[in-house]
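Welcome to a short set of exercises on the structure shown below. Have a viewer open, try each task, and then compare your reasoning with the worked solution.

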Amino acid sequence: MDKLVSSWYKDQSLPESYIFPPHERPGKLLVPRCNTVPVIDLGDTRTNLVHQILKASQEFGLFQVVNHGVPPNIMSETMSVFHKFFELPAEDKASLIVHTNDPKRCKLVTSTLDYDREKIHLWRDVLRHPCHPDCIEFWPQKPLRYREVVAACSIEAKKLGLQILELLCEGVGIEHGYFEHELTEDLLLGANHYPPCPDPSLTLGIPKHFDPDILTILLQEHISGLQVLKDGEWIGVKPIPNAFVVNIGYILQVISNNKLKGAEHRVVTNSSDHRISVVFCMNPAGDSNIEPAKSVVTATNPPLCRGFQFKEFMDNFYSMDGDADLALQPFKL
């Protein structure tokens with residue numbers, strides 16, 4: 001348990017192993033919480049929604065949605081249950097710090113699953129587990145309503161993600177129902193806890209990256225931390241009450257043959273507040289074939305890569321230290 005940042009962050013200055021190289025540090029420059037990140041009201045007309053979501057996905061790769069139909073009490077109860085989880089005594093979380101390759105198991109770690117091998121650690125604790133009903137028996141039993149609340153939220157997140165994917169299909173020209181089955185079969189939850197940091201200018205909660213999935217649905221609270229890279233500049237994604245942040249995943253960028261843009265983003269820390277975010281990553285099944293959809297490939301827009309299995313891409317992604325562009329390189333035409 002001594003590796004969890006939350007167990008020792010009050011006791012010392014920022015350790016050397018958490019200090020990023022100068023070119024990767026966020027520094028002390030204030031990044032404004034920007035109002036230009038698109039906010040889309042899902043209660044609008046379908047024609048308007050298709051246009052707005054397509055535009056946001058091409059220009060930012062990231063947007064926020066409101067009026068999405070997920071009950072506010074489910075969202076607030078989910079944030080509450082994760083606050084309670086990360087506040088549990090060490091002994092109640094010890095059983096989750098397991099070193100196993102069992103994909104059904106929960107994993108609670110500091111930084112990443114490669115903590116022992118990585119050169120620089122991330123300033124976060126993270127709980128990960130799949131959201132498939134067959135895996136619920138392995139979910140935390142504390143806090144008391146964890147399984148009930150997280151199951152309800154994961155169902156809503158999956159439903160929301162599929163709704164957004166249908167709108168994107170319509171905008172890009174991919175056939176109805178393309179993402180309904182194996183391409184969104186695996187929903188993975190990640191709950192991030194970023195404790196107050198002794199020097200936020202030197203470290204990161206998560207470094208710059210693309211999400212290696214189809215779509216990411218993010219629930220964040222009122223404390224800022226998420227930043228998106230737009231035209232070479234970092235801009236803060238302003239938290240909005242009862243909104244979800246939606247990230248276009250790198251695999252969706254591939255399937256759209258670059259018609260959609262994955263969002264390159266990072267998470268910064270702060271010196272005063274605990275911050276918790278909950279992400280639902282919509283992933284293909286490992287043996288799913290990933291390739292540009294035939295309907296978006298033309299003579300003037302040839303396929304950017306050959307087909308590959310999702311698990312092949314993920315093996316490359318991890319071996320390339322989370323660099324999605326390098327992970328795709330072996331499959332490019």
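A residue is called buried when its relative accessible area is under 20%, exposed when it is over 50%, and partly exposed in between. Please keep in mind that this is a predicted model.

**Exercise 1. A strand and its neighbours**

Task: Find out how many residues of strand S8 (residues 215-220) are buried, and which strands bridge to S8.

Solution:
- Step 1. Begin with the burial. Six of the six residues of S8 are buried, so this strand is largely enclosed by the rest of the structure.
- Step 2. Now sort the side chains by direction. Leu215, Ile217 and Leu219 point one way, while Thr216, Leu218 and Gln220 point the other way, and all are buried.
- Step 3. Turn to strand S11 (residues 244-248): four bridges join it to S8, and the two run antiparallel. Within this pairing, threonine 216 stands opposite asparagine 247.
- Step 4. Strand S13 (residues 275-283) is also antiparallel to S8, joined to it by six bridges. Here leucine 218 has valine 279 as its bridge partner.

**Exercise 2. Classifying ring pairs**

Task: Decide whether the pair of tryptophan 8 and tyrosine 18 is stacked, tilted or edge-to-face, and do likewise for tyrosine 178 and phenylalanine 179.

Solution:
- Step 1. Recall what has to be read off. A pair of aromatic rings is described by the distance of the centres and the angle of the planes.
- Step 2. The structure holds 14 aromatic pairs. In one of them, tryptophan 8 and tyrosine 18 lie 5.6 Å apart centre to centre with 65 degrees between the planes, which is edge-to-face. Both residues belong to the segment before strand S1 (33-34), ten residues apart, and the pair links distant parts of the chain.
- Step 3. Check the burial of these two. Tryptophan 8 is buried because its relative accessibility is 13%, and tyrosine 18 is buried at 2%.
- Step 4. For tyrosine 178 and phenylalanine 179, the centres are 5.1 Å apart and the planes meet at 65 degrees, so this pair is edge-to-face as well. Tyrosine 178 is partly exposed at 23% relative accessibility, whereas phenylalanine 179 is buried at 3%.
- Step 5. Finally, look for rings that join up. Phe210, Tyr250, Phe308, Phe313, Phe317, Tyr318 and Phe331 are linked by ring pairs into a cluster.

**Exercise 3. Charges and their partners**

Task: Which residue forms a salt bridge with aspartate 116, and which residues share a network with Arg145?

Solution:
- Step 1. The count of salt bridges comes to twelve. One of them joins aspartate 116 to lysine 3, with the closest N and O atoms 2.6 Å apart.
- Step 2. Place the partners along the chain. Aspartate 116 lies in the loop between strand S4 (107-110) and strand S5 (125-130), and lysine 3 in the segment before S1, so the bridge ties together parts that are 113 residues apart in sequence. Aspartate 116 is exposed, at 58%, and lysine 3 is partly exposed, at 38%.
- Step 3. Next, glutamate 77 and arginine 145 form a salt bridge at 3.7 Å, N to O. This pair links helix H2 (residues 72-86), which holds glutamate 77, with the loop between S5 and helix H4 (146-172), where arginine 145 sits, 68 residues apart.
- Step 4. Arginine 145 also meets glutamate 148 in a salt bridge, at 3.0 Å. Through shared partners, Glu77, Arg145 and Glu148 join into one network.
- Step 5. One more charge is worth a look: the charged end of lysine 230 sits over the ring of phenylalanine 60, 5.0 Å from its centre.

**Exercise 4. Backbone details**

Task: Which peptide bond to proline 143 is cis, and is aspartate 231 buried or exposed?

Solution:
- Step 1. The cis bond runs from lysine 142 to proline 143, with omega near -5 degrees. Proline 143 is in the loop between S5 and H4.
- Step 2. Aspartate 231 is not a glycine, yet its phi is positive, about 55 degrees. Its place is the loop between strand S9 (226-230) and strand S10 (233-237), and aspartate 231 is exposed, at 66% relative accessibility.
- Step 3. Compare asparagine 257, another residue other than glycine with a positive phi, near 55 degrees. Asparagine 257 lies in the loop between helix H5 (250-255) and strand S12 (265-267) and is buried, at 4% relative accessibility.

Conventions:
Residues are numbered from 1 along each chain as its sequence is written. This is a predicted model: local features need pLDDT of at least 70, side-chain atom pairs count only at pLDDT 80 or more; totals for chains, interfaces and linings use all residues. Side-chain values use heavy atoms; hydrogens and water are left out. Rings of Phe, Tyr and Trp (its six-membered ring) pair if their centres lie within 6.5 Å; planes under 30 degrees apart count as stacked, over 60 as edge-to-face and the rest as tilted. Buried means under 20% relative accessible area, exposed over 50%, partly exposed in between (1.4 Å probe, protein chains only). A charge sits over a ring if NZ of Lys or CZ of Arg is within 6 Å of the ring centre and within 35 degrees of the ring normal. A salt bridge is a side-chain nitrogen of Lys or Arg within 4 Å of a carboxyl oxygen of Asp or Glu. Two strands pair if DSSP finds at least two bridges between them.
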